[in-house]
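User: I should like to go through the charged side-chain contacts of this protein and the reasoning behind each label. Please set the values against the criteria.

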Amino acid sequence: MAGGEGSGPEAARADLFDGRTWIVCTPETAVLASTGSGARQHVERLIADCGARPLTISADRHDELVAMTSHLPQLVSSALATEVVAAFAAPSAEGDGDGRPHDGDGAPRDTDRLPPPSLLAGPGLLDMTRIAASPSELWAQIAALNREPVREGLRRLTERLHQLAESLDDPASTARAVTALVDDGRSARRVLDRKHAGTSGRAVVPAPDWTWVRTTIADVPGTLARVFAVAGGL
């Protein structure tokens with residue numbers, strides 16, 4: 001379970017699999033089972049040589065889980081990026097189709113010109129849409145081969161978002177719905193983050209070898225680079 005938004009040899013990285021989970025699907029037929037434990041050992045040795053960690057699950061379970069952890073995030077990221085950019089191109093409710101409000105005489109107010117989306121895109125949006133830069137050909141093939149789990153994941157997500165939208169009728173219901181969603185999401189994020197995973201998370205995927213280091217640095221060019229250089233030498 002590794003990768004990025006780039007593709008091809010120019011996007012290759014030597015550390016791509018370091019510390020990542022590499023799923024090995026269990027044999028489900030007599031033909032596959034006849035390969036024996038020797039083949040499994042060769043596969044696990046390859047995984048270890050690449051710096052990854054093997055995780056053995058059934059093929060069906062694999063399809064269900066990666067639909068949620070890989071395929072659904074890609075499609076949601078692509079949809080979010082598309083909708084954000086479309087919002088900047090959409091006509092204003094007060095305009096005549098050019099996306100700008102107008103004065104009483106019909107002249108557009110220059111002070112209300114819409115900026116490029118990139119000027120308002122903060123780190124949160126950029127993080128959520130990073131993988132929207134992925135190649136469409138690859139994801140079309142992936143989705144075609146895993147249609148049903150992806151469909152089910154999209155159905156559950158859109159149902160949750162639809163329930164949220166239906167709850168935004170007044171300030172009180174909005175506050176309750178958003179509070180519940182954000183609280184649930186914060187709890188789920190701690191489960192997803194290996195640095196904050198509980199015992200059950202470490203039992204499946206061992207926590208990486210890391211520790212917190214707290215320091216104060218001066219707001220001077222080059223200071224952070226020197227901190228990283230010291231950390232890299234430890």
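User: Why is D183 called partly exposed in this predicted model?

Analyst: D183 has a relative accessibility of 31%. Buried requires under 20% and exposed over 50%, so D183, at 31%, counts as partly exposed.

User: What makes the contact between R186 and D183 a salt bridge?

Analyst: The closest N and O atoms of R186 and D183 are 2.9 Å apart. The criterion is a side-chain nitrogen of Lys or Arg within 4 Å of a carboxyl oxygen of Asp or Glu; the pair therefore qualifies as a salt bridge.

User: Where do R186 and D183 lie with respect to each other?

Analyst: Both belong to helix 8 (residues 171-192), three residues apart, which means a separation of about one helical turn. R186 is partly exposed, with a relative accessible area of 45%.

User: How do you know that R189 and D193 form a salt bridge?

Analyst: Their closest N and O atoms are 3.7 Å apart, and the limit is within 4 Å, so the pair is counted. R189 has a relative accessible area of 47% and is partly exposed.

User: Which residues are joined into one network by salt bridges that share partners?

Analyst: The network consists of E152, R155, R156 and E159. Within it, R155 pairs with E159 at 3.0 Å between the closest N and O atoms. R155 and E159 both lie in helix 7 (residues 147-166), four residues apart.

User: Why are R155 and E159 called partly exposed?

Analyst: R155 has a relative accessible area of 41% and E159 one of 39%. Because partly exposed covers values between the 20% and 50% limits, both receive that label.

Conventions: Residues numbered from 1 in each chain as written. Predicted model: local features only at pLDDT ≥ 70, side-chain atom pairs only at ≥ 80, totals over all residues. Heavy atoms only, no water. Helix = DSSP H or I, 4+ residues; strand = E, 2+ residues; numbered from the N terminus. Buried < 20%, exposed > 50% of the residue type's maximum accessible area, 1.4 Å probe, protein only.
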